[in-house]
Amino acid sequence: MTFTQPSIPTCLAHLILAGVTGWSLKHLPIGHESSHSTTSGDDLVPLMLVLLVFLLGHSLLGIFRHSHPDPHKNLRKMYELSVMLAMILPLPLLNTQLYLKYQLGNGSHLPLYSYLSMSTFLPFLTGCLYSELSQRHKSQYVTTVVTVVNLTVLLWISAFNENYWGIGLAVSYGMKYFTLPRLADRYNVPFVDLHTYGLGFFEIFAINVIIDADLYRTELVIQ
C-alpha cells in the first residue's frame with residue numbers, strides 16, 4: 001500500500017469553500033411571500049439551491065479526498081467527476097434561475113431547458129469521452145465554447161435588467177476561467193486550489209445576483 005502526503009492547502013481551500021457555501025445557503029432567497037409573488041415558477045425550480053447543495057457536497061468530498069493518506073481509486077474517481085461538474089454547472093444553473101426570476105420569454109420554458117440541457121450535458125459527455133490526459137484538450141475546446149456562450153447569456157440577462165452584480169460576475173468569471181490555468185503553471189500552484197477558491201467567489205457574487213433579481217421582482221409587483 002502506497003501512502004501519500006495529505007494536501008493541507010487543498011483541504012483548507014475546500015474547507016473555506018464549505019464555509020462560504022454555508023453562508024450562501026443562509027442568505028439564499030428561496031421563497032417569496034404571497035403578496036410579493038407574481039408566479040411560483042422559479043420557486044418550484046430552486047436551481048441555485050440545488051447548485052449550492054452540490055457545491056457543499058463537493059467541498060466535503062474534497063476535504064475527505066485530500067486529507068486521506070491513501071484515497072481509494074473510487075474516491076479519486078468520484079472527486080474527479082465532482083470537479084468536472086463544479087466547472088460545468090454553476091453558470092447554466094444561475095442563468096436559468098435568473099431567466100425564471102426575470103420572467104423572460106413568452107411563457108414557454110422549452111428553449112430555456114433545452115439551453116440548460118445542452119450547456120450541461122454536452123461538456124459533461126465530452127469530458128467523459130475524452131478523459132484521458134492525451135485527449136483532454138478536445139473536451140476543453142467544447143467546455144470553452146460552452147462557457148463563452150454561458151457568459152454571453154449572463155451578460156445579456158444582467159445588462160437587460162440592470163443587474164450589476166451579474167455583469168461583475170460575468171467579467172470576473174471570464175477572467176478567472178482564462179487566467180487560472182496560466183497562473184497555476186506560472187506560480188506552480190495546484191489548479192484545483194485556485195479553482196476551489198474561485199468557486200467561493202462565484203458563490204458570493206451569485207447570491208448577490210439572485211438577491212438583486214428578487215428586489216427587481218418585488219419592485220415590479222409593487223408597481
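Thr126 is buried, at a relative accessible area of 11% (buried here is under 20% relative accessible area, exposed over 50% and partly exposed in between, with a 1.4 Å probe and protein chains only). The model is a predicted one, in which local features need pLDDT of at least 70 and side-chain atom pairs count only at pLDDT 80 or more, while totals for chains, interfaces and linings use all residues. Residues are numbered from 1 along each chain as its sequence is written, and side-chain values use heavy atoms, with hydrogens and water left out.

Thr126 sits in helix α6 (helices are DSSP runs of H or I with at least four residues, strands are runs of E with at least two, and both are numbered from the N terminus). A polar atom of the Thr126 side chain is 3.0 Å from the backbone oxygen of Pro123. That pair can be read against the cut-off for a polar contact, which is a pair of N or O atoms within 3.5 Å; within protein, one must be able to donate a hydrogen and the other to accept it, and residues adjacent in sequence count only if both atoms are side-chain atoms. With neighbours within four places in sequence set aside, Thr126 is in contact with Ser139 and Val142 (contact means heavy atoms within 4.5 Å).

Stepping back to the whole chain, there are nine helices and zero strands, so the pattern along the sequence reads α-α-α-α-α-α-α-α-α. Of the 223 residues in the chain, 39% are buried. Among contacts with a separation of 6 or more, 76% are between residues 24 or more positions apart.

Ser139, one of the contacts of Thr126, is also among the buried residues of α7. The others in that set are Thr143, Val146, Thr147, Asn150, Leu151, Leu154, Ile157 and Ser158. Together the buried residues of α7 pack against α5 (90-102), α6 (110-129) and α8 (164-187). As for length, α7 covers residues 136-160, and its 25 residues should span 36 Å at 1.5 Å a residue; the end C-alpha atoms are 36 Å apart, so the two agree (the expected span is 1.5 Å times one less than the number of residues).

Two of the partners of α7, namely α5 and α6, also pack against each other. Two packed helices are described by the angle between their axes and the distance between the axes. The axes of α5 and α6 come within 9 Å and cross at roughly 170° (axes are lines fitted to C-alpha atoms, for helices over the stretch in contact, and angles run from 0 to 180 degrees between N-to-C directions). The pair is therefore roughly antiparallel (angles over 145 degrees get that label, those under 35 count as roughly parallel, 65 to 115 as roughly perpendicular and the rest as oblique). On the α5 side the contact involves Leu91, Pro92, Leu93, Asn95, Thr96, Tyr99 and Leu100, which meet Leu112, Tyr113, Tyr115, Leu116, Ser119 and Thr120 of α6. By type, these residues are nine nonpolar, four polar and no charged (Ala, Val, Leu, Ile, Met, Phe, Trp, Tyr, Cys and Pro count as nonpolar, Asp, Glu, Lys and Arg as charged, and the others, Gly among them, as polar).

Leu91 of α5 deserves its own look. Leu91 is buried, at 2% relative accessibility. Beyond residues up to four places away in sequence, Leu91 touches Tyr115, Thr147, Asn150, Leu151, Leu154, Tyr173 and Phe202. The C-alpha atoms of Leu91 and Ala206 are separated by 9.4 Å, though the two are 115 residues apart along the chain.

Earlier in the chain, His58 belongs to α3 (residues 47-67) and is likewise buried, at 2% relative accessibility. Neighbours within four places aside, His58 is in contact with His14, Leu17, Tyr79, Ser82, Val83, Ala86 and Leu199. Tyr79, Ser82, Val83 and Ala86 are among the buried residues of α4, along with Leu75, Met84 and Ile88. Helix α4 (residues 73-88) has 16 residues and reaches 23 Å from its first C-alpha to its last, close to the expected 22 Å.

In α1 (residues 8-27), Cys11 is buried with a relative accessible area of 15%. Cys11 is in contact with Ile63, His66 and Ser67, again leaving out neighbours within four places. The C-alpha atoms of Cys11 and Asp193 are 8.7 Å apart, with their positions 182 residues apart along the chain.

Finally, two loops carry a positive phi. Glu162, in the loop between α7 and α8, has a phi of about 55° although it is not a glycine, and is exposed at 55% relative accessibility. Asn188, in the loop between α8 and α9 (191-222), has a positive phi near 55° and is exposed at 71%.
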